[in-house]
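Here's a short set of exercises to work through with the model open in your viewer. Try each task before you read its solution.

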Amino acid sequence: MDLAVGTILEGTVSGITNFGAFVKLPENKSGLVHISEIAEEYVENIDDYLKKGDKVKVKVLSATDDGKISLSIKQAKPKTKKPAELDWSDDKSQTNLSFEDKLSKFLKESNERMDDVRLRDNRKGAGGRQTRFNNMD
């Protein structure tokens with residue numbers, strides 16, 4: 001089995017700790033997925049993402065001579081494209097809108113985005129912490 005850095009393999013979650021998950025790889029090898037390498041978002045409780053026996057794709061981050069293998073689930077996933085920037089000049093739906101209507105639409109979309117950010121922050125456990133957006137209400 002090739003354990004070169006960057007290799008993507010399939011394995012089975014064999015154990016979960018408070019700092020990561022152990023994954024059984026082919027040929028009776030085992031590696032660790034650190035909690036920070038499980039998902040793109042903040043992971044507070046690994047049990048919310050993984051269960052013992054789950055099949056997962058992992059990317060090899062490092063492999064030492066003494067058998068320690070560092071793995072990543074989030075880096076094994078295909079890269080997603082960033083959302084496209086809004087190009088207001090080509091937006092045909094706004095050609096007949098007044099400035100006030102455009103401004104109103106912009107504010108509505110901005111508020112929706114802020115709500116999404118707050119919701120994401122709350123899921124990350126930032127509910128009790130002050131963020132720069134909390135004072136905008």
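**Exercise 1.** Find what valine 58 touches beyond its sequence neighbours.

*Solution.* Start by skipping residues up to four places away in sequence; valine 58 then touches Thr7, Ile8, Leu9, Val23, Leu25, Val33, Leu71, Ser72, Ile73 and Ala76. Contact here means heavy atoms within 4.5 Å. Before going on, some ground rules: this is a predicted model, where local features need pLDDT of at least 70 and side-chain atom pairs count only at pLDDT 80 or more, while totals for chains, interfaces and linings use all residues. Residues are numbered from 1 along each chain as its sequence is written, and side-chain values use heavy atoms, with hydrogens and water left out.

Next, zoom out to the largest nonpolar core, which has 19 residues; Leu50, Val58 and Leu71 touch the most other members. Such a core is a set of buried Ala, Val, Leu, Ile, Met, Phe, Trp, Tyr and Cys residues joined through side-chain atoms within 4.5 Å. At least two residues of this core come from each of β1 (8-16), β2 (20-25), β4 (55-63) and β5 (69-72). Strands (E, at least two residues) and helices (H or I, at least four) are DSSP runs, numbered from the N terminus.

**Exercise 2.** Is serine 72 buried or exposed, and which polar atom pair does its side chain form?

*Solution.* First, place the residue: serine 72 is in strand β5. Its relative accessibility is 0%, so serine 72 counts as buried. (Buried is under 20% relative accessible area, exposed over 50%, partly exposed in between, with a 1.4 Å probe and protein chains only.) Then look at the side chain: one of its polar atoms sits 3.0 Å from the backbone nitrogen of glutamine 75. Finally, leaving aside neighbours within four places in sequence, serine 72 is in contact with Val33, Glu37, Lys57, Val58, Lys59 and Leu61.

**Exercise 3.** Which non-glycine residues in the loop between β2 and β3 have a positive phi?

*Solution.* Take glutamate 27: its phi is about 60 degrees, positive although it is not a glycine. It belongs to the loop between β2 and β3 (29-34). With a relative accessible area of 55%, glutamate 27 is exposed. Now asparagine 28, also not a glycine: phi is positive at about 55 degrees. This residue lies in the loop between β2 and β3, and at 69% relative accessibility asparagine 28 counts as exposed.

Terms used. A polar contact is a pair of N or O atoms within 3.5 Å; within protein, one must be able to donate a hydrogen and the other to accept it, and residues adjacent in sequence count only if both atoms are side-chain atoms.
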